[in-house]
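The following report describes side-chain interactions, packing and backbone features of the structure shown below.

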Amino acid sequence: QVQLVESGGGLVQAGGSLRLSCAASGRTFSMGWFRQAPGAERDIVAAISWSGGSTYYADSVKGRFTISRDNAKNTVYLQMNSLKPEDTAVYYCAASKSRGVVTTTGQYDSWGQGTQVTVSS
């Protein structure tokens with residue numbers, strides 16, 4: 001398993017932007033960002049294939065969030081624009097051994113510790 005470390009969370013006003021980063025200790029294949037609000041399940045936000053050529057977005061973030069990766073740096077990013085209060089959650093980075101896009105928690109083998117994103121109204 002690789003070690004994953006997220007960064008970039010924080011407090012932002014509605015309409016603002018944040019960029020999350022996830023640094024891996026080694027090579028990774030499919031990567032994903034999940035989020036979990038208090039009392040809620042952990043849900044997929046976005047995922048990206050090993051090559052970066054395929055991506056997936058939850059309907060709630062389409063057009064606002066962008067997932068990308070830099071394999072030379074073993075890092076995946078989540079650019080979050082037009083943030084809304086309902087985006088408030090702990091955001092987790094995850095790595096899968098699959099090369100294609102995967103969207104369910106059970107398909108991921110490694111998880112980061114999470115980073116808090118709070119959007120104020």
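In this predicted model, Arg64 counts as buried because its relative accessibility is 10%, under the 20% limit for that class. Arg64 is placed in the loop between strand E6 (55–57) and E7. Its side chain meets that of Asp87 in a salt bridge, with an N to O distance of 2.8 Å. Asp87 belongs to the loop between E8 and E9, so the Arg64 and Asp87 pair ties together parts that are 23 residues apart in sequence. Asp87 is itself buried, its relative accessible area being 1%.

**Salt bridges**

Side chains of opposite charge can pair when their charged atoms come close. Three salt bridges are found when the whole structure is searched; they are set out in the table.

| Salt bridge | N to O distance |
|---|---|
| Arg35 and Asp87 | 2.9 Å |
| Lys62 and Asp59 | 3.1 Å |
| Arg64 and Asp87 | 2.8 Å |

Asp87 also meets the side chain of Arg35 in a salt bridge. That pair links distant parts of the chain, 52 residues apart, with Arg35 in strand E4 and Asp87 in the loop between E8 and E9. Both Arg35 and Asp87 are buried. Salt bridges thus link Arg35, Arg64 and Asp87 in a network. Asp59, the partner of Lys62, counts as exposed because its relative accessibility is 65%, over the 50% limit.

**Aromatic pairs and charges over rings**

Strand E4 also contributes to the aromatic contacts. The whole structure contains four aromatic pairs. One of them joins Phe34 and Tyr108 in an edge-to-face arrangement, with 5.2 Å centre to centre and 85° between the planes. Phe34 lies in strand E4 (residues 31–36), while Tyr108 is found in the loop between strand E9 (89–95) and strand E10 (110–111), so this pair ties together parts that are 74 residues apart in sequence. Phe34 and Tyr108 are both buried. Trp111 joins Phe34 and Tyr108 in a cluster linked by ring pairs.

Arginine side chains are also placed over aromatic rings. The charged end of Arg42 sits over the ring of Tyr92, at 3.6 Å from the ring centre. Arg99 lies over the face of Trp50, and here the distance to the ring centre is 4.8 Å.

**Nonpolar cores**

Which residues have the most contacts inside the largest nonpolar core? They are Trp33, Leu78, Met80 and Tyr91, in a core of 27 residues. The elements giving two or more residues to this core are strand E3 (18–24), E4, strand E5 (43–48), E7, E8, E9 and strand E11 (115–120). Another core, of six residues, lies apart from it; among its members are Ile44, Ala47, Ala94 and Tyr108. Tyr108 thus belongs to this second core and also to the aromatic cluster with Phe34 and Trp111.

Leaving aside residues up to four places away in sequence, Met80 touches Gly16, Ser17, Leu18, Leu20, Arg64, Phe65, Tyr91 and Val117. These contacts include Arg64, a member of the salt-bridge network, as well as Tyr91, which is named with Met80 among the core residues with the most contacts.

**Backbone features in loops**

Asn74 has a phi near 50°, a positive value in a residue other than glycine. Its position is in the loop between strand E7 (65–70) and strand E8 (75–80). Asn74 counts as partly exposed because its relative accessibility is 25%, which falls between the limits of 20% and 50%.

Ser82 likewise shows a positive phi, about 50°, although it is not a glycine. This residue is located in the loop between E8 and E9, the loop that also holds Asp87. With a relative accessibility of 40%, Ser82 counts as partly exposed.

**Surroundings of Gly10**

Gly10 is part of strand E2 (residues 10–13). Its relative accessible area is 24%, so Gly10 is partly exposed. When residues up to four places away in sequence are not counted, Gly10 touches Leu18, Gln116, Val117 and Thr118. Leu18 and Val117 are also among the residues that Met80 touches. Gly10 and Gly106 are separated by 96 residues in sequence, and their C-alpha atoms are 27 Å apart in space.

How values were computed: Residues are numbered from 1 along each chain as its sequence is written. This is a predicted model: local features need pLDDT of at least 70, side-chain atom pairs count only at pLDDT 80 or more; totals for chains, interfaces and linings use all residues. Side-chain values use heavy atoms; hydrogens and water are left out. Rings of Phe, Tyr and Trp (its six-membered ring) pair if their centres lie within 6.5 Å; planes under 30 degrees apart count as stacked, over 60 as edge-to-face and the rest as tilted. Helices (H or I, at least four residues) and strands (E, at least two) are DSSP runs, numbered from the N terminus. Buried means under 20% relative accessible area, exposed over 50%, partly exposed in between (1.4 Å probe, protein chains only). A charge sits over a ring if NZ of Lys or CZ of Arg is within 6 Å of the ring centre and within 35 degrees of the ring normal. A salt bridge is a side-chain nitrogen of Lys or Arg within 4 Å of a carboxyl oxygen of Asp or Glu. A nonpolar core is a set of buried Ala, Val, Leu, Ile, Met, Phe, Trp, Tyr and Cys residues joined through side-chain atoms within 4.5 Å. Contact means heavy atoms within 4.5 Å.
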